Amino acid sequence: MSAPNSTASRRSGPGLPDDGFAFDGATALLRAWSRGIRPDPDLTVSQWADRHRWLSSRASAEPGRYRTARTPYMREIMDALSPASPVQRVVFMKAAQVGATEAGNCFIGFVMHQAPGPMLAVQPTVELAKRNSRQRIDPLIEESPELRERVKPARSRDAGNTMLSKEFAGGILILTGANSAVGLRSTPARYIFLDEVDAYPASADEEGDPVTLAEARSLTFAHRRKVFLVSTPTIRGLSRVEREFEASDQRRYFVPCPHCEAMQWLKFERLRWEKGRPETAAYACKSCEASIAEHHKTAMLERGEWRATATATDPTTVGYHLSALYSPVGWLSWARIARAHEAARGSDEAMRAFRNTILGESWMESGEAPDWQRLAGLREDWPAGKVPERGLFLTAGADVQKDRIEVDVWAWGRGLESWLVDHLVLEGGPSDPACWRALSDLLGRTWVHASGQPMTLARLAIDTGYETSAVYGWARTAGFAQVAPVKGVEGFNRTSPVTGPTYVDATVGGKRLRRGARLWTVATSTFKAETYRFLRQERPTEAEIAAGASAPPGTVHLPNWADGEWLKQLTAEQLVTVKTKRGFSKLEWQKLRERNEALDARVYARAAAWICGADRWPDAQWQELERQLAMPVDESGMMLTTPTPVARPAPRRRTVRSNYMG
């Protein structure tokens, strides 16, 4: 039963006139009393959305009254979140542009109005939770009168309405990020909305899986809880939403063929078009093979139905999968899907994005180790210590072993094209002060560019997995402007494979030292897979190079002096799919050979390039590096025999000038 509310509604109650202007006090009191004694309608989430939800122009491309008929496939998904449904957990593995986020917001609005209770809504990060609050939740409340009455404006005194907390009669909505363990364990929650779970970090503040932490908040509500878990999938074997979907009854949306009435769920393989003409895209019926034009889609969606295609391990969990082929007319057309597929051909990265965001399917990462003998045949001729012409800055990766530190120096150019410049073995290991002095000497050493210009290391990344305290001590002495201690973690993270830095030194009392060691966390799987992908790329022939062809972005150039042992170390691991104790699949890097120092050092050097910002530099930054490395000439235009070192400007915040040349 709803609590009385003194705020007059824009809606008319039963038997009460709506005169279109402010009511007097008695009328407002009568309205509030009538609402208080009237029980809430027994609505499903989709019925509530059609009756009470309004879309704001701030948050929707189609403002106005919400219509479930626009996305009829969302009706069953939303209704499974209604109190009358016995379902406790709803898993939705989906593509982009299918209306999932708005369905989640309808769930939030329904809880506030019809079934109040504590609710937790989780975004990948706290910052995204704040953005979602401003761009989605605030318009949801402002544009729906019934919600506006229940949640006071944030500017009101004691409103209980903040950026990350919305109080309403009988409940509260807590918004937080999966990276905040404090937010995830803040309060018990009957309702949980987990959005884009595949973008969640592996652990929330090193306290465990964010999904597990969040769902633990609902266990006290037993069979009354509702959990909505939504995401676009990412990498097979690592995708949370795919793992949950595969454990469910795996429902697919079956639609009828407009020609033969055969029911089928839409598959990309049956989308056909003339080569080079994506505008001709049409769907071929699996039964009669007739061509289905896109204008039939609206009627097909209206008559569609969800059908389970597997048996769930947990009967209280249902799972749904939907690709962008079902996207309503006017959102994402079949022609645009065909055009996106043609554009993605030839690029693993583009094809991965296509599978994830268009098909709503995970991407199988290729982790097969390249053949080291093939790489030996592709080696090029330049001496150790010499930087090839297109190499524009240097980073190094240091792998700490018991009796030595192995360092590889890599040059980087546009498009992350790279060249192995030097390989050094510093004997002695972390227990030998001379070994650390030799490593310090490398920070001031120069390598000669093809133009004659001397270059120093922009950044050296060193692994902290072995003799951690010794590495921290050396890094603190060397200074963090040029040194980056790194810690490798399992898993893929393409949006931000390097995070940090975090301060890891502490006093006896446990307080973080302001000037303590700064640690960077590296998703090593991401850079290993990238390295192998770059090594497998086809390269132009000598004739094509002579005709002006250039190597594709990311090409890894190896010198003749890189021997067979080093090449074997570079290709010492492969990515395999293994089964967990619970029977789920996951990806894991396994060694093919005992020694893998070259691969580890490459990953650390690549992480150093990321920390420098190379993945995000604008063209102007690359042009500046090229300008600095131009061969110096005298007044007559003749090349100087002794190159003048390029001055390195002092580091400044938010600068586009390079501070990496010696």
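**Figure 1. Buried and exposed residues of helix 14.** In this predicted model, Cys 435, Trp 436, Leu 439, Leu 442 and Leu 443 of helix 14 are buried, where buried means under 20% relative accessible area, exposed over 50% and partly exposed in between (1.4 Å probe, protein chains only). Viewed down the helix axis, these buried residues fall within an arc of 110°, so they line one face of helix 14; the arc is that of the directions from the helix axis to the C-beta atoms. An α-helix has 3.6 residues a turn, so residues three or four places apart point the same way. Arg 437, Asp 441 and Gly 444, on the other side of helix 14, are exposed. Helices (H or I, at least four residues) and strands (E, at least two) are DSSP runs, numbered from the N terminus.

**Figure 2. Surroundings, length and cap of helix 14.** The buried residues of helix 14 pack against several elements, including strand 19 (404-412), strand 20 (418-427), helix 15 (468-478) and strand 24 (483-489). Helix 14 (residues 433-444) has 12 residues, which should span 16 Å at 1.5 Å a residue; its end C-alpha atoms are 18 Å apart, which agrees. The expected span is 1.5 Å times one less than the number of residues. At the N-terminal end, Asp 432 caps helix 14, with a side-chain oxygen 3.0 Å from the backbone nitrogen of Ala 434.

**Figure 3. The setting of Arg 606.** Arg 606 belongs to helix 19 (residues 597-612) and counts as buried because its relative accessibility is 1%. Its side chain is joined to that of Glu 530 by a polar contact of 2.6 Å; a polar contact is a pair of N or O atoms within 3.5 Å, and within protein one must be able to donate a hydrogen and the other to accept it, while residues adjacent in sequence count only if both atoms are side-chain atoms. Leaving aside residues up to four places away in sequence, Arg 606 touches Trp 412, Leu 416, Phe 527, Glu 530 and Asp 615, contact meaning heavy atoms within 4.5 Å.

**Figure 4. The open sheet of strands 17, 21 and 22.** These three strands are ordered 17-21-22, with mixed pairing; two strands pair if DSSP finds at least two bridges between them. Strand 17 (386-387) and strand 22 (454-455) stand at the edges with a single partner strand each, so one side of each is left without a neighbour in the sheet. Strands 17 and 21 run parallel and are joined by two bridges. Val 387 lies opposite His 449 of strand 21.

**Figure 5. The open sheet of strands 12, 13 and 14.** The strand order is 12-13-14, and the pairing is antiparallel. Strand 12 (271-274) and strand 14 (291-292) are the edge strands, each pairing on one side only. Three bridges link strand 12 to strand 13 (residues 277-284), and Arg 272 stands opposite Ala 282 in strand 13.

**Figure 6. Confidence along the model.** The protein has a mean pLDDT of 83, and 84% of its residues reach 70 or more; pLDDT is the predictor's confidence in each residue, from 0 to 100. Among the elements, helix 1 (residues 25-37) has the lowest mean pLDDT (46) and strand 10 (residues 251-256) the highest (97). Over residues 1-25 the pLDDT is below 50, although this stretch has 43 contacts in the model beyond near neighbours in sequence. Where pLDDT is low, the predicted coordinates should not be read in detail.

Residues are numbered from 1 along each chain as its sequence is written, and side-chain values use heavy atoms, with hydrogens and water left out. Local features need pLDDT of at least 70 and side-chain atom pairs count only at pLDDT 80 or more, whereas totals for chains, interfaces and linings use all residues.
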